[in-house]
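Visitor: I would like to learn how to read a protein model, feature by feature, with the general idea first and the case at hand after it.

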Amino acid sequence: MGEVDPAFIQAPEHRPKLSTIEAQGIPLIDLSILNSHESSNLSLIQLLKAGAEGRQRVNLVEEIGEACKNWGFFQVINHGVPLETREKIESAARKFFAQSADEKRKIRRRDEMNPQGYNDIELTKNVRDWKEVFDLAVNNPTVIPASHEPDDKEVRELVNRWPAYPPELRESFEEYATEMERLSHKLLGLISLSLGLPENRLSGFFNDHISFIRLNHYPPCPIPHLALGVGRHKDGGALTVLAQDDVGGLEVKRKTDGEWVRVKPTPDAYIVNVGDIVQVWSNEQYESVEHRVMVNSERERFSIPFFFNPNHRVMVEALEELTTDQNPAKYRAYNWGKFFATRKRETSPPTSSKHFVLIHGSCHGEWSRYKLVPLLRSSSGINPEQVDDVSSVSD
Ligand SMILES: O=C(O)CCC(=O)C(=O)O
Ligand SMILES: [Fe+2]
């Protein structure tokens with residue numbers, strides 16, 4: 001391992017176990033009942049009155065609710081996304097990553113605030129990930145805040161940068177993104193219903209959304225016992241819908257006992273997990289769960305997460321229907337766009353001292369941190385004591 005950059009080495013307590021438990025328990029949910037059904041605005045009670053199909057839908061909603069509560073992760077099959085659409089983007093991703101490093105770097109991410117482009121130097125919790133990525137926004141252009149600074153009201157437009165090769169990448173991406181958006185809205189509707197809310201309660205937050213698709217490539221790694229493809233993290237958005245290939249490597253921290261368990265690849269399934277935003281909206285009925293990616297010394301691995309993110313202006317806070325005097329909001333409201341802009345800075349290595357920032361008067365000697373601020377534990381802002389267990393750092 002002499003020539004491996006020590007920046008990849010995980011601290012001993014975060015190193016993967018090469019013999020892992022396979023997570024049979026992660027729910028596998030069949031969405032076929034939805035394929036005939038267009039989104040409505042029915043409540044659960046109205047669905048129950050809607051006959052046999054309505055009752056099947058109620059069962060599905062309950063399954064989704066249990067999965068979100070107990071795991072924060074589930075897989076879906078019969079989701080309505082054509083296999084061909086997935087195969088096309090997977091094949092384009094393979095061709096893109098098979099190019100030389102010089103070719104890929106021509107379309108490298110330009111600055112740490114602009115997530116679009118190729119990147120082979122990503123950090124999760126300050127340790128380098130054994131992977132290379134290519135990021136594209138679903139809406140082209142996408143409007144995000146111009147900076148992470150809370151008082152800066154400027155916005156800026158991100159325009160996708162398409163690689164010259166393979167030429168079919170653009171069309172296959174756009175087709176896949178449309179399907180992912182459709183599936184995510186269906187899942188969002190089911191999640192709303194499972195929280196006892198109307199099916200379309202959350203959809204308004206996603207007008208001009210800032211969702212992204214990432215093409216991930218994890219090359220074979222000579223030190224799979226010391227490094228990770230993606231270090232432990234939670235996803236900061238609302239939902240993630242992930243296509244993984246048949247190699248496997250995604251591990252989820254099981255809520256019941258904190259063990260890392262492997263998500264078994266299932267052909268043509270999508271892995272869905274709730275992110276920090278759903279945790280806050282649901283006032284912790286559902287939690288965003290930690291996950292990470294193991295690499296191996298023999299086979300490269302590809303995956304494609306779709307990060308379903310609301311509009312950048314959305315203030316994220318517990319839904320009022322889910323709070324009471326006895327169960328008040330657990331987190332301080334925060335602006336999603338600023339949270340996003342801050343997180344994008346955290347996953348890039350600092351290039352100059354401007355990355356060393358002060359948070360509430362306390363210098364951490366690293367780049368900025370931003371996390372969900374529990375209202376009960378801290379009313380005055382980010383508590384430096386808690387900064388190291390940053391809620392989420394990767395995407
Ligand atoms: O590649 C995977 O299986 C998961 C990647 C992931 O968790 C992420 O990019 O946030
Ligand atoms: Fe993730």
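Guide: What follows goes from the overall make-up to the core, then to helix packing, and finally to some backbone details.

Visitor: Before we start, what kind of model is this, and how are its parts numbered?

Guide: This is a predicted model, in which local features need pLDDT of at least 70 and side-chain atom pairs count only at pLDDT 80 or more, while totals for chains, interfaces and linings use all residues. Residues are numbered from 1 along each chain as its sequence is written, and chains are lettered from A and ligands numbered from 1 in the order in which they are written.

Visitor: How many helices and strands does the chain have?

Guide: Helices (H or I, at least four residues) and strands (E, at least two) are DSSP runs numbered from the N terminus, and the chain has 7 helices and 21 strands. Two residues are in contact if their C-beta atoms, placed from the backbone, lie within 7 Å; among contacts between residues at least 6 apart in sequence, 76% join residues at least 24 apart.

Visitor: How should I read burial, and which residues have the most contacts inside the largest nonpolar core?

Guide: In soluble globular proteins, nonpolar side chains tend to be buried together. A residue is buried if 20 or more other C-beta atoms lie within 10 Å of its own, exposed if 12 or fewer, and partly exposed in between; 42% of the 395 residues of the chain count as buried. A nonpolar core is a set of buried Ala, Val, Leu, Ile, Met, Phe, Trp, Tyr and Cys residues joined through C-beta atoms within 7 Å, and the largest one has 86 residues, with I213, L239 and V241 having the most contacts inside it. Helix α5 (residues 169-194) gives the most to this core, with 11 residues. Leaving aside neighbours within four places in sequence, I213 is in contact with residues including F173, A177 and M180.

Visitor: How do α2 and α5 cross?

Guide: Two packed helices are described by the angle between their axes and the distance between the axes. Here the axes are lines fitted to C-alpha atoms, for helices over the stretch in contact, and angles run from 0 to 180 degrees between N-to-C directions. The axes of α2 (residues 51-70) and α5 come within 8 Å and cross at roughly 85 degrees, which makes α2 roughly perpendicular to α5, since angles of 65 to 115 degrees count as roughly perpendicular, under 35 as roughly parallel, over 145 as roughly antiparallel and the rest as oblique. L60, V61, I64, G65 and C68 in α2 meet L190, I191, L193 and S194 in α5.

Visitor: And at what angle do α3 and α5 cross?

Guide: The axes of α3 (residues 83-97) and α5 come within 9 Å and cross at roughly 140 degrees, and α3 and α5 are therefore oblique to each other.

Visitor: Which backbone details deserve a look?

Guide: Most residues other than glycine have a negative phi, and most peptide bonds are trans. A cis peptide bond joins N140 and P141, with omega about 5 degrees, and another cis bond joins Y165 and P166, with omega about -5 degrees. P141 sits in the loop between β7 (132-137) and β8 (142-145), whereas P166 is in the loop between β9 (155-158) and α5.

Visitor: Is N283, with its positive phi, buried or exposed?

Guide: N283, which is not a glycine, has a phi of about 50 degrees, and N283 is buried, with 21 other C-beta atoms within 10 Å. D268 also has a positive phi, near 60 degrees, but D268 is partly exposed, with 13 other C-beta atoms within 10 Å.
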